[in-house]
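Student: Could you take one part of this structure and go through it closely with me? I'd like the details joined up rather than a list.

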Amino acid sequence: MSITIKTAEDIAGMRLACRLASEVLDYIAPHIKPGITTKEIDRLGAECMAAQGTISATVGYQPPGYPPYPGALCTSVNHVVCHGIPNDKPLKKGDIVNVDVTIITKDGWYGDTSRMYLVGECSIAAKRLSALTYDAMWMGIQQVRPGAHLGDIGHAIQKFAEGHGFSVVREFCGHGIGKVFHEEPQVLHYGRPGTLEELKPGMVFTIEPMINAGRREIKEFGNDGWTIVTKDRSLSAQWEHTVLVTETGYEVMTLSADSPPLPAFVTVTAT
Ligand code: MF3
Ligand code: CO
Ligand code: CO
């Protein structure tokens with residue numbers, strides 16, 4: 001298999017899927033307060049998808065060696081790195097939570113995006129980790145243009161994150177996306193400039209760095225087959241956008257009315 005190049009028609013389908021995925025994150029945002037459970041967040045996400053006429057890509061998702069994923073979305077709290085399963089434990093003031101949404105439109109296109117939410121007042125350390133992980137994602141996005149290489153993206157993210165004293169999770173990466181949830185290429189969030197695949201117009205993939213406040217090592221948590229936590233129990237943050245390689249640079253596809261403001265060093269969402 002190789003990396004799919006999306007046609008103009010494919011890109012129109014992806015723009016819709018990606019905007020709708022982002023709108024699910026808009027919809028749940030005002031509800032994320034102390035006392036809400038991640039299961040209630042999941043129900044809100046499912047309710048929004050039903051209203052959209054989309055379906056969750058994660059319910060029943062079962063890659064080889066995994067049990068079927070039970071949630072309409074992923075909720076990863078504090079030291080949970082990714083794939084947190086919604087549960088009945090209420091969020092409390094000072095928690096940070098990543099909500100990761102992947103939807104499928106009627107036409108079969110996938111949109112995949114995640115954001116961090118701060119639950120009530122949070123520590124300076126937690127706010128800093130979330131904000132700098134957001135910036136790290138955008139440092140990666142800004143590398144995207146025809147002729148650049150996947151290694152440029154990983155390098156930009158790694159240099160930025162490690163430069164702030166954080167570490168980059170190695171075991172999970174961004175991915176091509178289209179009518180398939182996870183397709184080629186793998187988009188590593190670390191690496192060397194000029195290495196790996198050369199980017200071409202029409203490629204679509206996610207950039208979704210997982211950044212730890214402490215060491216980069218992770219482990220499986222419990223026996224649900226999904227939840228990943230930091231080995232040292234340090235906080236972890238993640239942000240995710242789906243990005244198109246255009247003729248001149250990039251187009252961030254997973255944007256909507258309430259997407260967070262761009263970092264100061266970013267001027268445009270499409271070039
Ligand atoms: N949305 C995740 C990603 O960014 C994948 C979640 S798979 C699940 O690739 F089964 F855990 F939901
Ligand atoms: Co993804
Ligand atoms: Co995702």
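Tutor: Let's start at D100, which is buried, with a relative accessible area of 11% (buried means under 20%, exposed over 50%, partly exposed in between, with a 1.4 Å probe and protein chains only). Before going on: this is a predicted model, where local features need pLDDT of at least 70 and side-chain atom pairs count only at pLDDT 80 or more, while totals for chains, interfaces and linings use all residues. Residues are numbered from 1 along each chain as its sequence is written, chains are lettered from A and ligands numbered from 1 in the order written, and side-chain values use heavy atoms, with hydrogens and water left out.

Now, what does D100 hold? D100 gives two OD entries to the donor list of the cobalt ion (ligand 3), alongside D112 (OD) and E240 (OE), at 2.0 to 2.4 Å. Donors here are N, O and S atoms within 2.8 Å of the metal (3.2 Å for Na, K and Ca), and since water is not among the atoms, sites may look incomplete. Six donor atoms surround the cobalt ion (ligand 3), and with angles from 58 to 168 degrees the site is irregular. That label covers anything that isn't tetrahedral (four donors, all angles between 85 and 135 degrees), square planar (four) or octahedral (six), the last two needing opposite donors over 155 degrees apart and all others between 65 and 115.

Along the chain, these donors are spaced D-x11-D-x127-E. D100 sits in strand β4 (residues 96–104) and E240 in the loop between β13 (236–238) and β14 (241–245), so the pair ties together parts 140 residues apart in sequence. Strands (E, at least two residues) are DSSP runs numbered from the N terminus. E240 is buried too, at 0% relative accessibility.

Next door, 3.3 Å away, is the cobalt ion (ligand 2), and D112 coordinates both ions. The protein donors of the cobalt ion (ligand 2) are D112 (OD), H175 (NE2), E208 (OE) and E240 (OE), at 2.0 to 2.2 Å, so E240 appears on the donor lists of both ions. This site is irregular as well, because its six donor atoms subtend angles of 50 to 162 degrees. The spacing of its donor residues reads D-x62-H-x32-E-x31-E. Within that set, H175 in strand β7 (residues 174–176) and E208 in the loop between β9 (204–207) and β10 (210–212) link distant parts of the chain, 33 residues apart. H175 and E208 are both buried.

Terms used. Helices (H or I, at least four residues) and strands (E, at least two) are DSSP runs, numbered from the N terminus.
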